[in-house]
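Reader: I'm new to this one. Could you pick a single spot where two parts meet and walk me through it closely?

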Amino acid sequence: MNKESKCSCGGVISANDPRFEELKEYIDSLKDSKGITMPVLQEAQRIFGFLPLEVQKFIAKEIGIPVSEVYGVSTFYSQFNLTPKGKHKIAVCLGTACYVRGAQAVLDKLAEELDINVGDTTPDGLFTLEATRCLGCCSLAPVMMIDDEVYAKLDNISVIPGILQKYYEQRLPE
Amino acid sequence: MRTISELQAIKDAFTAKRQDSKEIRVIIGMGTCGISAGATPVYEALRDGARKMGLDNVTVCPTGCIGMCTYEPIVEVKVPGKETVTYIHVDAAKAEKILRYHLRDGIPVSEYTIGGDCGSLTELDFYKKQNRVAIRNCGIVNPEDITEYIYKDGYFALAKALLNMKPSEVIDEIKKSGLRGRGGGGFPTGTKWGFAAANEADQKYFICNADEGDPGAFMDRSVLEGDPHAVLEAMAIAGYAIGASKGFIYVRAEYPVAVERLNIAIAQAKEYGLLGDNIMGTDFCFDIEIRLGAGAFVCGEETALIASIEGFRGMSRNKPPFPANKGLWGKPTIINNVETLANVAQIILKGADWFTSFGTAKSPGTKVFALGGKINNTGLVEVPMGITLREIIYEIGDGCPNGKRFKAVQTGGPSGGCITTENLDTPIDFDNLVAIGSMMGSGGMIVMDEDNCMVDIARFFLDFTVDESCGKCTPCREGTKRMHEILDKITGGEGTEEDVETLKELAQNIKLTSLCGLGQTAPNPVLSTINHFENEYIAHVKEKSCPAGVCKALINFSITDDCKGCTLCQRSCPVQAISGSLKKKHVIDQDTCLKCGICMNVCKFNAIVKE
Amino acid sequence: MDKVNITINGIALKVPADYTVLMAAREAGIDIPTLCFLKDINEAAACRVCVVEADINGVPMRNLPASCVLKVAEGMNVRTNTERVRKAVKMNVELILANHNRECLTCKRNQTCELQKLCDELGLQKERFDGEKRPAHIDEFSPSIVRDSSKCILCGRCVSTCRKVQGIGVLDFTNRGFRTEVAPAFDYSMRDVECIYCGQCVQACPVAALREKDHIQQVWDAIDDPEKIVVVQTAPAVRVGLGEEFGLPVGTPVTGRMVTALKRLGFDKVFDTNFSADVTIMEEGTEFLGRVKNGGKLPMITSCSPGWIRYCEMNYPEFIPNLSSCKSPQQMFGALVKSYYAKKMNISNRNIVCVSIMPCTAKKAECERPEMEVDGVRDVDYVLTTRELAAMIKQARLRFDMLPEGECDSIMGEGTGAAVIFGATGGVMEAALRTVADILWEKDLEEIEYTELRGLEGVKYAEVNLPIAGELTTVKVAVAHGTGNAAKLLDAVKAGELDVHFIEVMACPGGCVHGGGQPYVSAKKRMRLNPRINRANGLYDEDMRLPQRKSHKNSEVAALYKEYLGEPNGHLAHELLHTHYEPKDSYKIK
């Protein structure tokens, strides 16, 4: 399969976006530190929400490493996003404690309800569904988090549609 | 801060304030687990309520993880001169009532306490067998207030080390204590420090490994959230001992609460002159920088962690050279995990002999375990080494819920293995766990009951390793994938006996030839489950059945003669796989059935069975 | 270096203490298999096929350590041939194979593949594991290099070479675990990134995951087209590489047989890039003297290496004015064939197909540069690598060992010793100095060997006293090979730490003799010999053998200027033989 180069970022950030200034200031503040690739990527993700080519190219230039290296780092760690995420992030804990208490069923149910695969975002941009490592609330297993809200003891997966409904209703009418 | 007496003065002032006070202290557990269980609105309700009611003598203090996660949110009320009252499962409404009756009128709301009894948590069986060293301050001090830590003898160990001990004496004391690394392999901490101390270098580093990644282990998070200064103090002591002036804490980004509290703690320690230049008026300078991980389990491995701090992909490299000789940026570097460090100040302060009075000869001290899975009392427990699993699971953990039969406990996370009933009475220490085919790891203990399929569990752990392998070396990158595929095949009902043999061969090879500890231990969950539960594997491949009834491809739901024909199952089935008319026995069409189990859950007559 | 006593498979050895077990085993005559290991470049201990069993004074080492990074120690006892080791090595190769596109019979690396060889040596008899494979990403957009992830074994040799040797870093590992791949950022095509097309990654690759873009069929088509006059030129370094493809020792010169082979393949005229290398010296030498005398931009930097040119355009655009405006010998040749030769023969240049045989993959990209044409006629039509020429010879079923020596055709077939040494680092500078010195001293100097410019030191310097405008002037020159070294040199110039007049840069380490298009030398072989040295020696021997060793003594070149071009750097020369450069960007956002 041949593939033309294309930016897979999904979003367009123009070169004179003022947020690059903000990122530059942060990078400059670290000029005395070593090994700053990760902190810079973390800050860039905080500022832009994700790490498209434009941002990675900028970082590579500013800290003097190849773009491929920035990309290599950004794809190694699971917390870096190359594409924009949904408005709400659903994270289902797949830590062992949750798993033995049925987290897989929770994840499957969500995938079915949202009609997306794990890791994907719904076409309306409302939800991103992710499986995550131990959230550290093993006593509440199985758990999921929607943004900062923890939903605990989801033994009965039939409650899930109701939980999602809340977020659908919050959406402002267009 | 220049002298011990200055430190003593802070402690004395705080003690005096506590003793004289008419202050009612309301302590609320606000570790991640507490917050997840809803502690924040409770905290706000109590704080704002007390203010509104004009209860000036009430202080609401957040603290770290109290340890008994099952009962979160937990609120403790300490009235001077009275016994502590502990409320459990508190919500905002209960908080209102506690405010009105207990805090204002002095009458405890006994219905919200444990079992209606007003007694403190420490009287529970859950606590009685525990002996808290590493998590001694968790759930007790306010982690955002350095004076509370000093009040608990905090930073006195650092003062003692800097002012009264030579670096070599500090190392000797740690060596004498027999403290072993709590993060995985159990390497003697003092010996490790000695390696770096012996190296001449213009710069050395000390790293605190707070990249706690074992699914199901959260003791490090608890320490960071509940007692961050204990880690900082230990790092400074270690820095002094090995001659490092710079420390890093590499912490999981998934622990925002811990990061925030560490930042506060570092700022306070600097303000008090307990970090920074010329600590306690000596020549010793030590700074700590926090670096966040970004979601890669392998970064718990020393060389991968170093690569990550250096700004690279967290890929392991060959050892030797060991980090103690060539570590961060090629300089001698020591890496200890959080729990290990949480013991250090106590050892310096109370002496190695005190420490060796707990635990076993080869594994002195205590160990924190995160108890989870199919167990009644989930939570964090710190027990002396040498305790048996039976004591932990039945006496502290109160056994499996719903009267289910205990099957196995998984320790050591994705690197560990299963321990079954036959070894429940083995005293737990580093070496015994290895001898029975598991390992200490970071101390996750996941209990499994008769409803858990061990082949499925092995598949779960392999799934984790395949995802978390750094991808550098062949056996770990390719081998774990093939193992996972075989396990998929077996749980999918397509496995053969030859597959089980291939699985063993792959496991052996990955153990023997992988580059780093992650790969070398990745096959353990498979080897261990084959070892203890070969019959389950055989059932899957020969009889094509899953004895625990987990593997969907191998189970069938059917309706027995107990069916009353109520039609509830028929109406509940998401795919209309059930047919039958009112008051007649229903039938499940096996080709349509998704094996979701909803019918079995809704049946009121236990007329649906899984086989 | 202190020595230590070890035993390997029962053989007692005394070896230097800094040896690895892999190196020590070689001395004991034991060949431990390797895949990811590439001496001095990639020592990652990643593939795990070099694992051994070892103990030190009877204390067994944990697991099976990788011998490529395991340092020897006093009292070490190594076993490479136990059941445990054999099984482990075999299984790791089986695991690599399971994720490898096994179209070996139709693969470009059939017979030169290091993985294939290893499978043969280990006696693998079946494809043991079959399951999911890494997705196949095949990037064929680059003019020079094809990347094929379905064949990649993730050894990292290309990643290290591009980053550590060339100082670029086009490729890195992406993703992790089973999804790991080696690719440019965002899976961009190698056409669109910082790649300079040097092909050092191709040289490093043990399999065919990185390979040159193939142009053999186009050349056959041209040869088979009766309308076309197909003219071929061969670069100096090809003649010391080609023989390796036919079993001759590394660095054996095969000029005469190569010429015969080209004629028998059906090329209408067999010429020599040496001819245009000599022209280059005339042009570049004149340009240099002009810059020195007229206060032009200095240091002047050579422009023969297209990889270097692209590197400069992308990374050091501020040095573009320093670049010689001369086209490379390949392009000069093309331009002259389609003007001078066409005119002399009275044929239409539109019927001429110019083919180059180059040790280089970047030359494929160079010939496609838009500026490389005169009046809409491309200078060069197709570029084949040394390896591709060998493939054509094999396809034509010529017995290379039985070919008689042949001679190039005139009027563009003569080359001097100065031209031959273009193929080794320092050669262009040495050739230039030979001519410039003669011109300035106005005599036929006898001391013409500038040995301080030879060899594999990363950056080399020389000072030459020359009479310029009546004054004895110390001309300082510098030579860098490998873009990593070039960057160091340019940084020093930029920082004002280095004051030189003339710089030679070759993109490949060692110069063209180790270009990306030269025959593969396996990592195993590279442990015991350095092909750069052997091949360069082959060129210097040729230089010694040739009757003329200075470019201005080339009689065909003299005729060219006399009959056609007029003066070096004259009007027609400028039109045909000079070009311009511009800054280039990578990772353009689409």
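Author: Sure! One term to begin with: the domain bounds used here come from an automatic or database domain assignment. Keep in mind, too, that this is a predicted model.

Let's go to chain B, which is split into domain 1 (17-123), domain 2 (146-178 + 189-356), domain 3 (366-449), domain 4 (454-541) and domain 5 (556-610). The spot to look at is where domain 3 of chain B meets domain 4 of chain B. Going by C-alpha atoms, the centres of these two domains lie 22 Å apart. Domain 3 of chain B brings 16 residues to the contact, and domain 4 of chain B brings 13 residues.

How much area gets buried there? Between the two domains it's about 1100 Å², with carbon and sulfur atoms giving 65% of that. On the domain 3 side, look for B:Lys407, B:Pro414 and B:Cys418: this trio supplies 45% of the area that domain 3 of chain B buries against domain 4 of chain B, more than any other three residues.

B:Lys407 is worth a second look, since its side chain meets that of B:Glu536 in a salt bridge, 2.6 Å from N to O. The count for this pair of domains is one salt bridge. Five residue pairs are also found in polar contact across the interface, with both residues at pLDDT 80 or more.

As for the domain 3 side that touches domain 4 of chain B, strand E11 (406-411) and strand E12 (417-420) each supply at least two of its residues. Sorted by type, that side has six nonpolar, eight polar and two charged residues.

Technical notes. Residues numbered from 1 in each chain as written. Chains lettered and ligands numbered in written order. Predicted model: local features only at pLDDT ≥ 70, side-chain atom pairs only at ≥ 80, totals over all residues. Heavy atoms only, no water. Contact = heavy atoms within 4.5 Å. Buried area = accessible area lost by both parts, 1.4 Å probe. Salt bridge = Lys/Arg side-chain N within 4 Å of Asp/Glu carboxyl O. Polar contact = N/O pair within 3.5 Å; in protein donor to acceptor, adjacent residues only side chain to side chain. Helix = DSSP H or I, 4+ residues; strand = E, 2+ residues; numbered from the N terminus. Nonpolar A, V, L, I, M, F, W, Y, C, P; charged D, E, K, R; others polar.
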